[in-house]
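Work through these exercises with the model open beside you. Try each task before you read its solution.

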Amino acid sequence: MIRVRFEPSGFEIDAEPGEAIMDITDANPAADVPYSCRAATCGTCRVQVLAGGDALSTADIDEIEVLDIFGDSPEEVRLCCQTKLIGGAATQVTLKVCDD
Amino acid sequence: MEVTATEEEQKIEYDPIYDPFNPELIADPYPFYERLREEHPVHYNERKDFYVLSRYDDIYRALRKPQIFSSAQGLTPEKDEISKLGIPPTFIMMDPPDHTRLRRLITKAFTPDTVKALEPKIRSFVVERVEAMKAKAADGATIDLIPEIASPLPTMVVADILGVPPEDREKFDPWSDAITSASADFTLDVNNAIGAVQGLVTYFGGMCQARRANPTGDMISKLTQAEVDGETLTDWDILGFCFVMIAGGNDTTSNFIGNSTEQLDKYPDQRREMIENPACIPNATEELLRIESVVQGLSRTTTEDVEYYGTTIPAGSKVHNLYASGNRDPRHWGDDADELDIHREIDKHLSFAQGPHFCIGAHVARLMIRIYFEEMAARIGENYEVDWDNAERRKSGFTRGYTKLPIRIKL
């Protein structure tokens, strides 16, 4: 079980490894993450990884390209539409919606 | 059905390789696009001073590099379109990070929940329109699909999202037509477009003031209360959003309905399959979007020198990205790229663009289209034929669709 927290909404939820962040936020609009293309192209759902990066799936080339548009690195920022929880050491993930 | 050139158009010496104002290209652009892809993958239109990209990979990469291919100078090949038209600052004509901040404000109008909530209203509207068409057909009338359903459907949805009352919605179509149409030459239509922009600014300017005084919960009310970097949006900022919604959302779905009617008429077996098995509709929609992109292409401006196939596009050049050509590039889609195949595995077509400017209303458009196909299938099915002799194609090199599409419904 991984505790996932979204900022700035402050919404928190327990989720299982293998769950997609987009499925979690779709089921919980209170997480308040904006989406648009939902397919690694527009970058609307960028979030800063404040904690628990090692509990997240690795970014693929499509995601890295989109992050590059905004000058972001996948170690610090992810696209919610592409990211899944994976089993790892971290039991707490904190994601903050990018404000730029 | 033919697109005929006016006397004025016949006097113009068009660029024979690619000129969006060439009536021959407007009538059938695909042979032009094939020649571009095969012989001139980076083409310079000397008459209007802009470059053209036509291969899928080149366009895809350009759209995903806004640092080099900027939207800030407008989206047509015309160099000073923003100042010419006097349009408000719109986020589609900005680059990250300014674009990102403004775009995020209206993504909330397009969340899955918000889009899903539109479904009953859209279905009820479509059912009412389809039944009205059948009633007219029962009286012996030929039905023009465009004014009967294709055009009113997106108008209703855009107006509903913006909060425009029903009695004012008929103003939209002339505005969006004037802004998105271009016939003989950009300069010939600019006065019409300016008038449309002024009409839009006056109407929505009044609405902004009314919503600031009495917010109602519609998008304009929300925008009057929104903040970017601690500052509220001005009426002029909000007018930019309205401009995007009207110009981008109003006639695109309408044109799609016209184009898909044509495609499905050419491929009756696939049309039958969609009617008999509505589960096909979502993938068929993507294929129909691919094969006939409503937005044929949009331009960017280079921020640095860029080289393609040995040709240098200098910094500051307008580059027109032909989505409709990339969508039929056999290098990406295979040798049957010109054929409709509703079972095709669609990766990323270009019809909603790619990159940070991906169409913000794509999910609403898909919803409207799905409901349209479902209700047409259930209520009319294959029982209609298109009167091609009286159909009229939209006269624009930038958007593809029909202004008139009569059908005979067989009851």
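The exercises below concern a predicted model.

**Exercise 1. Is helix 9 of chain B enclosed or open?**
Decide how helix 9 (residues 152-162) of chain B sits in the structure.

Solution.
- Start with the cut-off: a residue is buried if 20 or more other C-beta atoms lie within 10 Å of its own.
- Apply it along the helix. Among the buried residues of helix 9 of chain B are Pro152(B), Met156(B), Val158(B) and Leu162(B).
- Now take the count. In helix 9 of chain B, 10 of the 11 residues are buried, so the helix is largely enclosed by the rest of the structure.
- Look just past the end of helix 9 of chain B. Gly163(B) has a positive phi there, about 95°.

**Exercise 2. How does helix 9 of chain B pack on helix 18 of chain B?**
Find the angle, the kind of packing and the residues that meet.

Solution.
- Take the axes of helix 9 and helix 18 (residues 362-379) of chain B. They are 11 Å apart, and the angle is about 140°.
- Classify the angle. Over 145 degrees would count as roughly antiparallel, and 65 to 115 as roughly perpendicular. The two helices of chain B are therefore oblique to each other.
- Add the handedness: helix 9 of chain B crosses helix 18 of chain B in a right-handed way.
- List the partners. From helix 9 of chain B come Leu153(B), Pro154(B) and Val157(B); from helix 18 of chain B come Val364(B), Met368(B) and Tyr372(B).
- Sort this contact by class: six nonpolar, no polar and no charged residues.

**Exercise 3. What does helix 15 of chain B bring to helix 18 of chain B?**
Describe the contact of helix 15 (residues 281-291) of chain B with helix 18 of chain B.

Solution.
- Begin with geometry. The helices pack at about 115°, with axes 10 Å apart. Their crossing is right-handed.
- Name the residues. Ile281(B), Pro282(B) and Thr285(B) in helix 15 of chain B meet residues of helix 18 of chain B, including Arg366(B), Ile369(B) and Phe373(B).
- Sort them: four nonpolar, one polar and three charged.

**Exercise 4. Which residues sit at the centre of contacts in the largest nonpolar core?**
Pick out the members that touch the most other members.

Solution.
- The core has 104 residues. Those touching the most other members are Ile59(B), Leu162(B), Cys242(B), Ile246(B), Met368(B) and Tyr372(B).
- Ask which helix gives the most: helix 13 (residues 235-266) of chain B, with 11 residues.
- Follow one member. Beyond its neighbours within four places in sequence, Tyr372(B) contacts Val126(B), Leu153(B) and Ile257(B).
- A second, separate core has 24 residues, among them Ile2(A), Ile21(A), Val33(A) and Val77(A).
- Keep the general rule in mind: in soluble globular proteins, nonpolar side chains tend to be buried together.

**Exercise 5. Buried or exposed: Asp49(B) and Ala353(B)?**
Compare two loop residues with positive phi.

Solution.
- Asp49(B) has phi near 55°. Asp49(B) lies in the loop between strand 1 (42-45) and strand 2 (50-53) of chain B.
- Ala353(B) has phi near 65°. Its loop runs between helix 17 (330-333) and helix 18 of chain B.
- Count C-beta neighbours inside 10 Å. Asp49(B) has 12, so Asp49(B) counts as exposed. Ala353(B) has 26, so Ala353(B) counts as buried.

Technical notes:
Residues numbered from 1 in each chain as written. Chains lettered and ligands numbered in written order. Predicted model: local features only at pLDDT ≥ 70, side-chain atom pairs only at ≥ 80, totals over all residues. Core = buried A, V, L, I, M, F, W, Y, C linked by C-beta atoms within 7 Å. Helix = DSSP H or I, 4+ residues; strand = E, 2+ residues; numbered from the N terminus. Contact = placed C-beta atoms within 7 Å. Axes fitted to C-alpha atoms, helices over the stretch in contact; angles between N-to-C directions. Parallel < 35°, antiparallel > 145°, perpendicular 65-115°, else oblique. Left-handed = near helix turned anticlockwise from the far one by under 90°. Nonpolar A, V, L, I, M, F, W, Y, C, P; charged D, E, K, R; others polar.
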